[in-house]
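Work through the exercises below with the model open in a viewer. Each task is followed by a solution in steps.

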Amino acid sequence: MYPANFDYHRAGSVAEALDLLGQNEDAKLIAGGHSLLPMMKLRLAQPSQLIDIGGLSDLKGISAGEGSIRIGALTTHAEIAASAELAEGCAIVAEAAAEIGDPQVRNRGTIGGNLSHADPASDLPGVVLALGGTIEIVGKGGGRSVAAADFFVDLLTTALGEDEILAAVTVPTLGAGTGSAYLKFEHPASGYAVVGAAAIVTMSGGSCESASLCFNGVTATPLSADAVGGALAGGSADDAAIDAAVDSNLSVDDPLSDVFASGDYRAHIAGVYAKRALREARGRARS
Amino acid sequence: MAVLGTSIRRREDPALITGKGRYTDDFSSPTMLHAAIVRSPYAHARLGAIDTSAAAAAPGVVGVFTAKDVEAAGLPGMVPVGWLLPDLKVVAHPILAIDTVRHVGDGVAVVVAEDRYQARDAAELVDVEYEPFDAVTDPAGATAEGAPLVHADAPSNVAFDFELGDSESTEAGFASATQVTEIELRNQRLIPHAIEPRATIADYDSSTGKLTVRMTTQNPHVHRLLMVLASLGLPEHKIRVIAPEVGGGFGSKIHHYADEAIVAMCSMQLGRPVKWIATRGETNLTDAHGRDHVTKAAIALDADHKIVGLRVDTYATMGAYLSTFAPSVPTFLYATLMSGQYDIPAIHCHVVGTFTHTTPVDAYRGAGRPEATFVVERLMEEAAKEAGLDPTELRRKNFVQPDQFPYQTQVALEYDSGNYEPALDRALEMVGYDDFRSQQSARRAGGGKQLGIGFSTYIEACGLAPSAVAGSLGAQAGLWESAEVRVNPTGTVTVYTGSSAHGQGHHTTFSQIVAEKLGIDVDAVEVIHGDTDAVQFGMGTYGSRSAAVGGSAIWLSVDKIIEKGRRIAAHLLEAAVEDVEFADGQFGVKGAPDKSLGLADVSLQAYLAHNYPADLEPGLVATTFYDPANFTYPFGAHIAIVEVDTETGEVELVRYVACDDVGNVINPMIVDGQLHGGLAQGIGQALWEGAVYDDSGQLLTGSLMDYAMPRAHRLVNFELDRTTTPCPHNPLGVKGVGEAGAIASPPAVVNAVVDALSPYGIRNIDMPLTPEKVWRAIAAANGEGSE
Amino acid sequence: MKHTVRMEVNGTSVEKDVEPRTLLVHFLREELGLTGTNVGCETTLCGACTVLIDGKSVKSCTQLALQADSMSVTTIEGMATNGELHPLQQSFWDHHGLQCGYCTPGMIMASAGLLSQNPDASEEEIREGLKGNLCRCTGYQNIVKAVKSAAESM
């Protein structure tokens, strides 16, 4: 409940934040603080310095571009859940953000903090992965983009360098033929995802053009079930096809396990929720 | 102007809804210090050297203490047990561990600093040597040969071996039976989780030798007494215990914990007020837990489906030490309830209490009665199924009938009153039982999510009494309650009650009692509680006792006030005492309607004593120590409807209907509120909650990240009604309602889930009914792997 | 090293020097004496410490005081105006939406945040909207009733 001591700097610009970050390898960025402060209160994290980037307006906001939507790192989950741009162009991000924690957490937690913390049971990583999103990163030497598939490296570990800042996430605009759904099996205590199934299905003339399926909560990093999507493509994606695609192609290696849900059970739920999410997504696709 | 029985708004609320209510942590002073307790990370270890030098040198630190300092200070330094069973193995429980730690969270040192952040910083610098040993955590496994011993002087980890009932007649009943239904049950360990963590501020004044302790307590006088006798050894009149606003207790704030004694010692050593506020993690490791039983039980029926015998064998763990009232919970508050609402001619209950390397277990909402009700009501459901009877039918066939009261059970209790069928009838009517069964059939035919219905026709025993009986059963305290009613000179009233509310609304309900009887406005009554320097001795609030015992004490004190008032009024009105009647706040004279005096007129004269009866003392104050003749016996019928997703095992509570009989009701709104809260806790036990230890004794559910509490979005609106069978032996006719919901609901919910899954032949799933357990039960029934 | 923090709390400007690690809830309680906001857990899961920051509900235990710099904070003490209870306070009282009262300030502030976003919240939306707040006494039934009733009167 009582964090250890640290120095505090409020960054006035991204450049200043990068400077500060470069000067102290033990420093941590803080924005909403909803990933970091809980760890610090339990003294599981004891950074010597916090760099508060919460005031950097460059990193805020949602903007729709040509074929994609850019979400600034400091955009809160509540803002994402309520975003008209996302509701229109990429609803699954808003749907997943609305599942995070509770209203108070969503009012403060940010997408940048969420993704860079890379908690496997969080709701956004698997969604960004299913969408084939891109993570924009800035460092002293300039910016770089990392595909979501390359961003999540391991449990609580990402491709973000210690001296870099996650600046934004870009997700594709989904057309009318594409339906998406995020279905969450919530941990009854923490509210985190035991299983979060993110499904995106593109239909055309009654047949499935493409499908993608990813999970939060099931494995140490968001799990992409490419084979399931592949099996659905070119078919009808009706209930029977979805069942068959999941039953034959979903494999879960090294599932997470805790007191509430064993690895076997998580893998089972992943299958059930995959089918339900894919059906829902297909139903939302206007082909 | 009847006020008794009406839903007036609570008088305690204006402070609480504006942030002005003052809980322990809300008190501070410029000289206050802050304590952090260093706790064992091991469940079982030999305690080696404790190096406090780095902590002592840390910024802001003014003191670091260990068990050696407790000894040096000359304090008795023990946490006592207040209920002694015959042959109970009483083990030592030092306030700071000496030589050995016995559960994760056992205190080994305390650091006191200028602020709470500094105290926590320095606590991390206390260097403690531990030599860890194997631990035992299972209530039954503790007695296995070779299990690690929790206390060297408690062989086989047995704390007690308890029996109630008659094994011979029970075996005869079983021998004569045409059906015997057996069940194995686990009543899992729970963590109380009052939202306000436990807290203590101790302030020792060396100039007067007086210690003032403001703390989270349900029974300040009991806390004071236990500090005097076991932990601190100060004279009783030199300790003042104050319960400010207390943010929920549910049993967990009854007990005397090491922590308050440690904090008091710090204040005595340092001469400054010391505050200790538990973190949630600390409360989860140190608040006495509840339940944790492993049980085998069986019920025997004859050819007419009448119960001819009930047999129960339970292992109940005490945890690492004997908490304040722990030995009473799985014995006299458990075995005594095994007759339920049923006329059972032969019962035998055997309980082995064990020590384990876990947090001590003690009373938690319901305390023994939920565990008993779970056994009885699960057995009834399974026996009905086996007999091919509707579960309500088997219950009806065996209810104690109205003409059987008072009904002597085979497990010590004598039920004073009851009428069980009307409550069941009403609950069935509310739920629409016939319609439900047809919906259920349709679902079964259609597959997918399955519906289930579960029943619990429970009885409980509140207001443990009388004191002499409690004493004969091992209580080291009386179980009466006190009330002093003072009519002030101007006719307003101040009540001093030994009950100690922490959310129950006594300020309101006790005022209603006084206002009704004295014919005054509720706002003319003040209720004082929770301060040992203000209130005559009191036993506190727990066990659903405060209305029945504490309220009755107030009632009887008001009777004494009225009696004295009649004598004063008779003198003033120049009438015979027997001609003076009191009604609607007026002392009048029979047959002389123009002659009357108000309460304020009489009270003023009582304090002036100018024109006053020669044989009366001045003043208008009455005190009662009310010792009830018997327990009270609330009962009711609860029905849960659930939906089970058979693909995932997820259970959703769909409806919850209950018809309770808690006797007369003082404030229906408050009574319903008590039921709501109890139901949430009982449903929480059935579906979500559970403390889990690993084999090394680590608590895997030590934070709210893992311990699943009932939340708003997972519960439904409870549909409640009442029947009213007044308690015949207390003046209010009330029975108590604080625990009913937590007692009745776990079997109702579990029965509903098992009912939903009956096509699979599933007979039992242990609580909490997590999706994985339900799914595994279904998979096992389908022959897909083992459960 | 202490830093200066300035914010508006219940309509009053405050300025204090604090250690960076000071949590907002401790700042409110200990620096400003606003003890109505309570602490019930340490994992951002009980909601007892909920306050409004710039009108939005936030758990003040998971927020450094410094992070609220130049923001406007409302606590339970700031809800009543000119001695008149806020409709939520009144409704919690009228409908017995509290027992021990410890979760109540956080529950009222979370409800205020909820109704500011969704003034016509349904019962289900209220239950979902309060999922971040634990109450161990009421079983939530009368809390939900109180919020629904307040919404209707606001």
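**Exercise 1: Cis peptide bonds in chain B**

Place P406(B) among the secondary-structure elements of chain B, and do likewise for P768(B).

Solution. P406(B) sits in the loop that runs between α10 (391–398) and β16 (407–408) of chain B. The model is a predicted one. The bond that joins F405(B) to P406(B) is cis, with omega at about -5°. P768(B) lies in the loop between α18 (740–756) and α19 (771–781) of chain B. The bond from M767(B) to P768(B) is also cis, its omega being near -10°. As background, most peptide bonds are trans.

**Exercise 2: Positive phi in chain A**

Locate A118(A) and L156(A), then state whether each is buried, partly exposed or exposed.

Solution. Most residues other than glycine have a negative phi.
- Step 1. A118(A), which is not a glycine, has a positive phi near 55°. The residue belongs to the loop between α7 (111–117) and α8 (125–130) of chain A.
- Step 2. A residue is buried if 20 or more other C-beta atoms lie within 10 Å of its own. A118(A) has 22 other C-beta atoms within 10 Å, so it is buried.
- Step 3. L156(A), again not a glycine, has a positive phi of about 55°. Its loop connects β8 (152–154) and β9 (157–158) of chain A.
- Step 4. L156(A) has 15 C-beta neighbours inside 10 Å and therefore counts as partly exposed.

**Exercise 3: The fold of chain A**

Compare the radius of gyration of chain A with that of a compact globule of 287 residues.

Solution.
- Step 1. For 287 residues, a compact globule would have a radius of gyration near 19 Å.
- Step 2. Chain A has 19 Å, so the two agree.
- Step 3. The C-alpha trace of chain A spans about 60 × 45 × 30 Å along its principal axes.
- Step 4. Of its 287 residues, 60% count as buried. Among contacts in chain A with a separation of 6 or more, 64% come from residues 24 or more positions apart.
- Step 5. The secondary structure of chain A consists of twelve helices and 14 strands.

**Exercise 4: Two interfaces with chain C**

Which element gives the largest share of the side of chain A that touches chain C, and which does so for chain B?

Solution.
- Step 1. In chain A, 22 residues are in contact with 25 residues of chain C. Elements giving two or more residues to this side of chain A are β1 (7–10), α2 (36–41), β3 (49–52) and α6 (103–108). The largest share, five residues, is that of α6(A). By class, this side has ten nonpolar, seven polar and five charged residues.
- Step 2. In chain B, 45 residues are in contact with 43 residues of chain C. At least two residues each come from α1 (13–17), α8 (280–286) and α17 of chain B. The largest share, seven residues, belongs to α17(B). The classes on this side are 19 nonpolar, 16 polar and ten charged.

**Exercise 5: Helix α5 of chain C**

What do the buried residues of α5(C) pack against?

Solution.
- Step 1. Helix α5 of chain C covers residues 141–153, which is 13 residues. From first C-alpha to last it reaches 19 Å, close to the 18 Å expected at 1.5 Å a residue.
- Step 2. Its buried residues include I143(C), V144(C), A146(C) and V147(C).
- Step 3. The buried residues of α5(C) pack against α17 (668–687) of chain B, along with α2 (87–94), α3 (104–117) and α4 (123–129) of chain C.

How values were computed
Residues are numbered from 1 along each chain as its sequence is written. Chains are lettered from A and ligands numbered from 1 in the order in which they are written. This is a predicted model: local features need pLDDT of at least 70, side-chain atom pairs count only at pLDDT 80 or more; totals for chains, interfaces and linings use all residues. Helices (H or I, at least four residues) and strands (E, at least two) are DSSP runs, numbered from the N terminus. The expected span of a helix is 1.5 Å times one less than its number of residues. A residue is buried if 20 or more other C-beta atoms lie within 10 Å of its own, exposed if 12 or fewer, and partly exposed in between; C-beta atoms are placed from the backbone. Two residues are in contact if their C-beta atoms, placed from the backbone, lie within 7 Å. Ala, Val, Leu, Ile, Met, Phe, Trp, Tyr, Cys and Pro count as nonpolar, Asp, Glu, Lys and Arg as charged, and the others, Gly among them, as polar. The radius of gyration is taken over C-alpha atoms; the globule rule is 2.2 Å times the number of residues to the power 0.38.
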